[in-house]
Amino acid sequence: MTASGIGDGEKGAAALWSIAASAMFLWPLVYRYFPGIQYYLAKYCHRLVSLVSPYIHITFPEFSGERMKRSDAYAAIESYLAASCTQSATKLKAELGKDSSSLTLSMDEHEEVTDDFRGARIWWTSVSRSPPQNSMSFYPQPDSRRYFRLIFHRRHRDLVVGSYLDHVLAAGREATFANRRRKLYTNNPSNNWYGYKKSVWSHVTFTHPSTFATMAMDPDKKKEIVADLEAFRSGKDFYAKIGKPWKRGYLLYGPPGTGKSTMIAAIANYLDYDIYDLELTSVKDNTELRKLFIETTGKSIIVIEDIDCSLDLTGERKKKKDDKEDDDKEGSSDGKPPVKPPGDNEKQSKVTLSGLLNFIDGLWSACGGERLIIFTTNYVEKLDPALIRRGRMDKHIEMSYCCFEAFKVLAANYLGIVDGEHRLFENVRVLIDEVKMTPADVAENLMPKSGDEMNASDRAMAVQTNLHL
Ligand SMILES: Nc1ncnc2c1ncn2[C@@H]1O[C@H](COP(=O)(O)OP(=O)(O)OP(=O)(O)O)[C@@H](O)[C@H]1O
Ligand SMILES: [Mg+2]
């Protein structure tokens, strides 16, 4: 019986091996004649599993909206998992944290962690799928697609969908904001020759030290600006109530060296916002401008410096042979002038004034909210009134020559002289109103020139001498 049993077992094993070998042999043939079979097999297997499995899967892809924009939900989940679940993860990735001295850990790809919420156990997996590689292609391969997968038991469905996901998104957003290092973005030049571009913005960490305390300007004006920023920051409900998108436009105008760029840095530091420094002359057309806008995040400042140099507002439009064909639909009909980058006609940007107006307060400008848009110019009178009317540029701030109050701030910053207690201050007070000197010029005179050679008095004297000239 034993012998016959062994014999049957051997026969069974042999039969199994022969079926497996036949399957292995036949599979390429089946695959060849029914190329879509893999898809159907996977589909029906999945259906079968979901019929018997009590678990529900939800995926959160990194890019949504036809890959136009990185998903906020994905970013929030990434931060949430980094903050609350990395203890149990064994594969982690590290990045520099907010102050650049400590490292922030987050979940690496293909890692799984668990989370517990009001008695329910939840599994999170980070997945990355590479697209099929085409070794013969001249074009760069697209990036891999990443997503988070959430798995939980059916009986927790209401809890997870109703409360847990809200909790994850809220905690994740908070963690993102607390951990982030502020960024200074600039727009990448238009598509390269094969039309492929990874991201419309590139960034560096924003570390400008300017603050309102170091800004040299009339103190009343300073207070007014700070109050305006405060009202904006806390005005979410108010903007919703009056039916306006949560954004505000600032126009900073004045001669060179009066602190317009310094003011932008001070505003960003005060509000703790990112800066998007938009180089308009390298934007190809209105469509690209809109794309750039969509890719900006909330709590940010969009800056266009020297707007008078970016847009030709004299109305003279260079006629090119192929102008008609090339004109952007939105821009060509209104006869508004295009942006003229200096020099190179071939690469001429086709952003129009109407495109820019749309960018500031068209329908798209409402995406996201909590954004300041700041224009700077040396020649406010050159700008089209439509561009700077209230509603687009809500607050006009004149940055002017150095007044005595501003000088006192610079003296305190550069020389450590507080409350105007210096014998030369009376002379400066009289002279500074007579001579137009920019804060940049005053600051340069107050800079120590060679180590400790020059003391505070000498530097104050240098300012006075310059005022006499
Ligand atoms: N109001 C100010 N308060 C403090 N520092 C100032 C001020 N204005 C100018 N400065 C100093 O002068 C330098 C140049 O100023 P800034 O670049 O802000 O001028 P700007 O108005 O942007 O000039 P431009 O029109 O040429 O761009 C700054 O680095 C800063 O040190
Ligand atoms: Mg500037």
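Strand 6 and strand 7 (residues 120-129) run antiparallel to each other and are joined over six bridges. Here, strands are DSSP runs of E with at least two residues, helices are runs of H or I with at least four, and both are numbered from the N terminus. Two strands pair if DSSP finds at least two bridges between them. Within this pairing, Asp115 sits opposite Ile122 of strand 7.

This is a predicted model, in which local features need pLDDT of at least 70 and side-chain atom pairs count only at pLDDT 80 or more, while totals for chains, interfaces and linings use all residues. Residues are numbered from 1 along each chain as its sequence is written, and chains are lettered from A and ligands numbered from 1 in the order in which they are written.

Now let us step back to the sheet. Its four strands form an open sheet in the order 1-8-7-6, with antiparallel pairing. Strand 1 (55-61) and strand 6 (112-117) are the edge strands, each pairing on one side only. On average, neighbouring strands of this sheet are turned by 25° against each other, direction ignored.

Two helices lie across this sheet. Angles run from 0 to 180 degrees between N-to-C directions, using axes fitted to C-alpha atoms, for helices over the stretch in contact. Contact means that two residues have C-beta atoms, placed from the backbone, within 7 Å.

| Helix | Lies across | Angle |
|---|---|---|
| Helix 3 (residues 72-84) | strand 1, strand 6, strand 7 and strand 8 (145-153) | about 115° to strand 1 |
| Helix 4 (residues 157-179) | strand 1, strand 6, strand 7 and strand 8 | about 65° to strand 7 |

What about the whole chain? The chain has 17 helices and 15 strands. Of its 469 residues, 23% are buried. A residue is buried if 20 or more other C-beta atoms, placed from the backbone, lie within 10 Å of its own.

Ile264 is a good example to look up, and helix 7 (residues 260-271) is where to find it. Ile264 counts as buried because it has 22 C-beta neighbours inside 10 Å. Leaving out residues up to four places away in sequence, Ile264 touches Ile275, Ile301, Val303 and Ile374. Ile374 is 110 residues away along the chain, yet the two C-alpha atoms are separated by 7.9 Å.

Finally, look at ligand 1. It is surrounded by 16 residues, and the closest are Pro256, Gly259, Thr262, Pro439 and Ala440. Helix 7 and helix 16 (439-446) are the elements that each give two or more residues to this shell.

Technical notes:
A residue is buried if 20 or more other C-beta atoms lie within 10 Å of its own, exposed if 12 or fewer, and partly exposed in between; C-beta atoms are placed from the backbone. A residue is near a molecule or strand if its C-beta atom, placed from the backbone, lies within 6 Å of it.
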